[in-house]
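Please look through the sequence and the structure shown below before reading on. The report that follows takes up a few topics in turn, beginning at the surface.

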Amino acid sequence: MKNPVHRYLMCSYAYYRMDESLIPDGDFDELAKQLLAEYPKWKDHPHCPSEDDLRAGTYLGDFPTIVEIATLLYLKGGNLSH
């Protein structure tokens, strides 16, 4: 998955709402750092986590339905690397 916002949200949803890890914790931390470093590029995305969320390496906000569905589909055999 090329869009880091989508990846971050899916990983957060899986972890915080489903008690599943889609990627190792260290990779998630790196993803948060990447998004924070590129924040001006992604900040206008309608579901971009806040800078505070990214600094904390968490996301506890509301998840769009598409994130919920995409995460469920991924857990049924998808691949986050695309």
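## A nonpolar patch on the surface

Tyr15, Tyr16 and Leu60 together make a nonpolar surface patch of about 330 Å². The model in which this patch appears is a predicted one. Tyrosine 15 has its place in helix α1, which covers residues 4–18, and with a relative accessibility of 41% tyrosine 15 counts as partly exposed. Tyrosine 16, the neighbour that also belongs to the patch, has a relative accessible area of 35% and is therefore partly exposed as well.

The two tyrosines of the patch are also related through their rings, as the next heading takes up.

## Aromatic rings

A search of the whole structure finds 4 aromatic pairs. One of them joins tyrosine 8 and phenylalanine 28, whose ring centres lie 4.6 Å apart and whose planes stand at 20°, so the pair is stacked. This pair links distant parts of the chain, since tyrosine 8 sits in helix α1 and phenylalanine 28 in helix α2 (residues 25–37), with their positions 20 residues apart in sequence. Both tyrosine 8 and phenylalanine 28 are buried. Tyrosine 15 and tyrosine 16, by contrast in geometry, form an edge-to-face aromatic pair, with 5.0 Å from centre to centre and 85° between the planes.

Elsewhere, Tyr13, Tyr59 and Phe63 form one aromatic cluster.

## Cysteines without a disulfide

How many disulfides does the structure hold? The count comes to 0 disulfides. Cysteine 11 is in no disulfide, and the nearest cysteine sulfur, which belongs to cysteine 48, is 15 Å away. A disulfide requires a pair of cysteine sulfur atoms within 2.5 Å, so the 15 Å that separates the sulfur of cysteine 11 from that of cysteine 48 does not meet the requirement. Cysteine 48 is likewise in no disulfide, with the sulfur of cysteine 11 as the nearest cysteine sulfur.

Are these two cysteines buried or exposed? Cysteine 11 has a relative accessible area of 4% and is buried, and cysteine 48, at 14% relative accessibility, also counts as buried. The cut-off behind both statements is that a buried residue has under 20% relative accessible area.

## Loops between the helices

Aspartate 19 lies in the loop between α1 and α2, and with a relative accessible area of 71% aspartate 19 is exposed. The phi angle of aspartate 19 is near 55°, which is a positive value in a residue other than glycine. Most residues other than glycine have a negative phi.

Another loop, the one between α4 (51–56) and α5 (65–75), holds aspartate 62. At 69% relative accessibility, aspartate 62 counts as exposed. Aspartate 62 and aspartate 29 are 33 residues apart in sequence, and their C-alpha atoms are 20 Å apart in space.

## The two faces of helix α5

Within α5, the residues Val67, Thr71 and Tyr74 are buried. Why do they count as lying on the same side of α5? They cover an arc of only 60° around the axis, and this puts them on the same side of the helix. An α-helix has 3.6 residues a turn, so residues three or four places apart point the same way.

The face of α5 that is turned away from the buried side carries the exposed residues Thr65, Ile66 and Leu73.

## Salt bridges within helices

The structure holds 3 salt bridges. Side chains of opposite charge can pair when their charged atoms come close. In helix α2, where glutamate 30 and lysine 33 both lie 3 residues apart, about one turn of the helix, the side chains of these two residues meet in a salt bridge with an N to O distance of 3.5 Å. Glutamate 30 is partly exposed, with a relative accessible area of 46%, whereas lysine 33, at 53% relative accessibility, counts as exposed.

Helix α4 contains glutamate 51 and arginine 55, which are 4 residues apart, about one turn of the helix, and which form a salt bridge whose closest N and O atoms are 3.9 Å apart. Arginine 55 also forms a salt bridge with aspartate 52, and here the closest N and O atoms are 3.2 Å apart. Salt bridges that share partners thus join Glu51, Asp52 and Arg55 into one network. Within this network, arginine 55 and aspartate 52 are exposed, while glutamate 51, at 34% relative accessibility, counts as partly exposed.

Technical notes. Residues are numbered from 1 along each chain as its sequence is written. This is a predicted model: local features need pLDDT of at least 70, side-chain atom pairs count only at pLDDT 80 or more; totals for chains, interfaces and linings use all residues. Side-chain values use heavy atoms; hydrogens and water are left out. Patches are made of residues with over 30% relative accessible area and no salt bridge: like charges are joined within 9 Å, nonpolar side chains (Val, Leu, Ile, Met, Phe, Trp, Tyr) within 5 Å. Accessible areas come from the Shrake-Rupley method with a 1.4 Å probe; for residues, only the protein chains shown count as cover. A salt bridge is a side-chain nitrogen of Lys or Arg within 4 Å of a carboxyl oxygen of Asp or Glu. Buried means under 20% relative accessible area, exposed over 50%, partly exposed in between (1.4 Å probe, protein chains only). Rings of Phe, Tyr and Trp (its six-membered ring) pair if their centres lie within 6.5 Å; planes under 30 degrees apart count as stacked, over 60 as edge-to-face and the rest as tilted. The arc is that of the directions from the helix axis to the C-beta atoms.
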